[in-house]
Amino acid sequence: MNDFVSIEILGTIAGCSLIITLLTQVFKRYLPNKIDTKWLALVFSIVVGVLRIIYIGQFDFAGITSGIVNIFVLLASAIGLYEIGHPVAGEVKTLIQGGKADGKEKK
């Protein structure tokens with residue numbers, strides 16, 4: 001195992017979901033708060049899904065159809081990762097700062 005992260009790993013569903021989640025987290029900081037994170041994840045899912053189709057090189061009907069299905073699977077997994085991780089990250093941040101996760105300060 002020479003590489004920790006290789007292009008083959010990033011081409012899997014887990015790797016693509018990681019890329020979409022990271023791109024969403026980075027870009028949401030620079031965009032207005034009015035933009036819902038799920039729409040941003042949809043845009044990145046389409047971009048990563050299309051790049052994955054091009055990288056694999058299956059331009060027949062089955063390849064394009066499975067690529068479109070993969071885009072929605074990537075979107076669902078990326079949003080799921082965000083929905084699970086966001087509350088946990090908020091609680092950890094609150095606990096690190098010395099307060100309690102329920103909003104009450106520690107005495």
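**Helix α3 and its surroundings in a four-helix model**

Helix α3 is a good place to start: the 20 residues of this helix (residues 37-56) should span 28 Å at 1.5 Å a residue, and the C-alpha atoms at its two ends are 28 Å apart, so the expectation and the model agree. The model discussed here is predicted, and every value below was computed from it.

Stepping back to the overall layout, the protein chain contains four helices and zero strands, which follow one another along the sequence in the pattern α-α-α-α. Of the 107 residues in the protein chain, 23% are buried. The chain exposes about 8,000 Å², and carbon and sulfur atoms supply 68% of that area. Among the contacts with a sequence separation of 6 or more, 55% join residues that lie 24 or more positions apart.

Helix α2 (residues 13-28) can be checked in the manner used above for α3. With 16 residues, α2 reaches 22 Å from its first C-alpha to its last, close to the 22 Å expected at 1.5 Å a residue. The buried residues of α2 are Gly15, Cys16, Ser17, Ile20, Thr21 and Thr24. One of them, Ile20, is touched by Ser45, a residue of helix α3.

In α3 itself, the buried positions are Thr37, Leu40, Ala41, Phe44, Ser45, Val48, Gly49 and Ile53. An α-helix has 3.6 residues a turn, so residues three or four places apart point the same way. Ser45 deserves a closer look. Its relative accessible area is 0%, and because the cut-off for burial is under 20%, Ser45 counts as buried. The side chain of Ser45 reaches the backbone oxygen of Ala41 at 2.7 Å. Leaving aside residues up to four places away in sequence, Ser45 touches Ile20, Ile71, Leu74 and Leu75. Just after α3, Gly57 takes a positive phi of about 80 degrees.

The surface tells a further part of the story. A nonpolar patch is formed by Val43, Ile46, Val47, Val50, Leu51, Ile54, Phe59, Ile64, Ile68 and Phe72, which together have about 910 Å² of accessible area. Both α3 and α4 supply at least two residues each, and the largest share, six residues, comes from α3. Helix α3 thus holds the buried residues listed above as well as this share of the surface patch. Phe59, another member of the patch, sits in the loop between α3 and α4. With a relative accessibility of 57%, Phe59 is classed as exposed, because the cut-off for that class is over 50%.

Two residues of helix α4 (residues 61-96) help to place it relative to α3. Val69, which lies in α4, is 20 residues from Gly49 in sequence, and their C-alpha atoms are 9.3 Å apart in space. Gly49 is among the buried residues of α3, whereas Val69, at 47% relative accessibility, counts as partly exposed. Asn70 is also found in α4. The C-alpha atoms of Asn70 and Arg52 are separated by 9.4 Å, with these positions 18 residues apart along the chain. Asn70 touches Arg52 and also Ile13, not counting residues up to four places away in sequence.

Methods
Residues numbered from 1 in each chain as written. Predicted model: local features only at pLDDT ≥ 70, side-chain atom pairs only at ≥ 80, totals over all residues. Heavy atoms only, no water. Expected span 1.5 Å × (residues − 1). Buried < 20%, exposed > 50% of the residue type's maximum accessible area, 1.4 Å probe, protein only. Polar contact = N/O pair within 3.5 Å; in protein donor to acceptor, adjacent residues only side chain to side chain. Contact = heavy atoms within 4.5 Å. Areas by Shrake-Rupley, 256 points an atom, 1.4 Å probe, with all protein chains shown as cover. Patch = residues over 30% accessible without salt bridge, like charges linked within 9 Å, V, L, I, M, F, W, Y side chains within 5 Å. Salt bridge = Lys/Arg side-chain N within 4 Å of Asp/Glu carboxyl O.
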